[in-house]
Amino acid sequence: MKLFYVPGACSLSPHIVLREVGARFDLVKVDLAAKKTEHGADYLGINPRGYVPALQLDDGTVIVEGPAIVQYLADQHPSAGLAPAPTDRQRYELQSWLTFIGTEVHKQFSPLFNPNAAEAQKTASVQALKTRFAYLERELAARPYLMGPTYSLADIYLFVVLGWASYVKLELSPGLQAYLGRIAGRPAVQAALKAEGLAG
Ligand SMILES: N[C@@H](CCC(=O)N[C@@H](CS)C(=O)NCC(=O)O)C(=O)O
């Protein structure tokens with residue numbers, strides 16, 4: 001398997017999942033501006049949507065969209081316990097969190113990383129993010145992880161996007177910082193950060 005990634009981008013979420021489940025994989029860095037892989041291949045030929053992540057299976061099949069990739073990996077390795085079984089009603093709670101993180105948190109960061117975004121758009125994103133952070137803080141005050149006592153795909157995705165807060169000078173509450181610390185302490189997370197050049 002190959003994971004197409006950019007260091008520190010949302011592709012870090014499937015990268016952590018690959019390590020959590022103990023899969024064998026190669027990392028392929030992508031130059032998003034040039035739409036080329038580090039080996040010079042046309043990235044649009046791999047993911048015509050032009051963004052990371054993309055996971056290429058050994059048979060050549062490509063899976064795109066972070067939430068789909070991580071659920072595929074969790075379902076291939078159910079013993080890792082990162083997702084309720086597809087037939088379990090709890091699976092919809094996981095999908096609800098993945099959707100919330102993708103649409104209400106991840107995408108609110110986009111204007112803050114875009115030098116061409118209008119100030120009004122950035123201000124609206126900051127306001128929306130502060131509201132989402134306050135909500136997450138309340139949710140996580142009652143339990144260690146989004147799904148309750150059990151660490152899941154949702155925590156991995158949230159860890160990655162909340163990690164961007166410091167880059168855009170948004171403060172996280174002590175509760176959210178403690179939550180990130182719990183996840184950062186996992187060996188798979190440390191290994192992924194190290195492999196992407198984000199930790200010593
Ligand atoms: N809906 C996509 C969004 C992926 C996404 O936003 N990727 C960013 C990095 S975090 C990217 O590659 N942006 C570059 C671009 O859109 O050209 C997913 O969830 O996988």
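Strands, as the word is used here, are DSSP runs of at least two residues, numbered from the N terminus. In this predicted model, one such run is strand S4, which spans residues 54-56 and includes Gln56.

Gln56 offers a convenient place to begin. Its side chain reaches the backbone oxygen of Gly60 at 3.5 Å, and, once the neighbours within four places in sequence are left aside, Gln56 is in contact with Met1, Lys2, Phe4, Thr61 and Val62.

From there the reader can turn to the ligand, which sits in the largest pocket. Two elements give two or more residues to the shell around the ligand, namely helix H2 (66-76) and helix H3 (90-113). Following the shell along the sequence, one finds the ligand surrounded by Ala9, Cys10, Leu32, Lys35, Tyr51, Val52, Pro53, Glu65, Gly66, Pro67, His106 and Lys107. In terms of character, these shell residues divide into seven nonpolar, two polar and three charged.

Which atoms of the ligand lie 3.5 Å from a polar side-chain atom of Lys35, or 2.5 Å from one of Glu65? For Lys35, the partner at 3.5 Å is an oxygen atom of the ligand, whereas for Glu65 a polar side-chain atom lies 2.5 Å from a nitrogen atom of the ligand. Lys107 also takes part, with an N or O atom in its side chain 2.8 Å from an oxygen atom of the ligand. Taken on its own, the ligand has 510 Å² of accessible area, and the protein covers 72% of that area.

Notes
Residues numbered from 1 in each chain as written. Predicted model: local features only at pLDDT ≥ 70, side-chain atom pairs only at ≥ 80, totals over all residues. Heavy atoms only, no water. Helix = DSSP H or I, 4+ residues; strand = E, 2+ residues; numbered from the N terminus. Polar contact = N/O pair within 3.5 Å; in protein donor to acceptor, adjacent residues only side chain to side chain. Contact = heavy atoms within 4.5 Å. Near = heavy atom within 4 Å. Areas by Shrake-Rupley, 256 points an atom, 1.4 Å probe, with all protein chains shown as cover. 1 Å grid on protein atoms, 1.4 Å probe; cavity = no way out; pocket = protein on both sides within 12 Å on 5 of 7 lines; lining within 4 Å. Sits in = over half its atoms within 2 Å of the grid points. Nonpolar A, V, L, I, M, F, W, Y, C, P; charged D, E, K, R; others polar.
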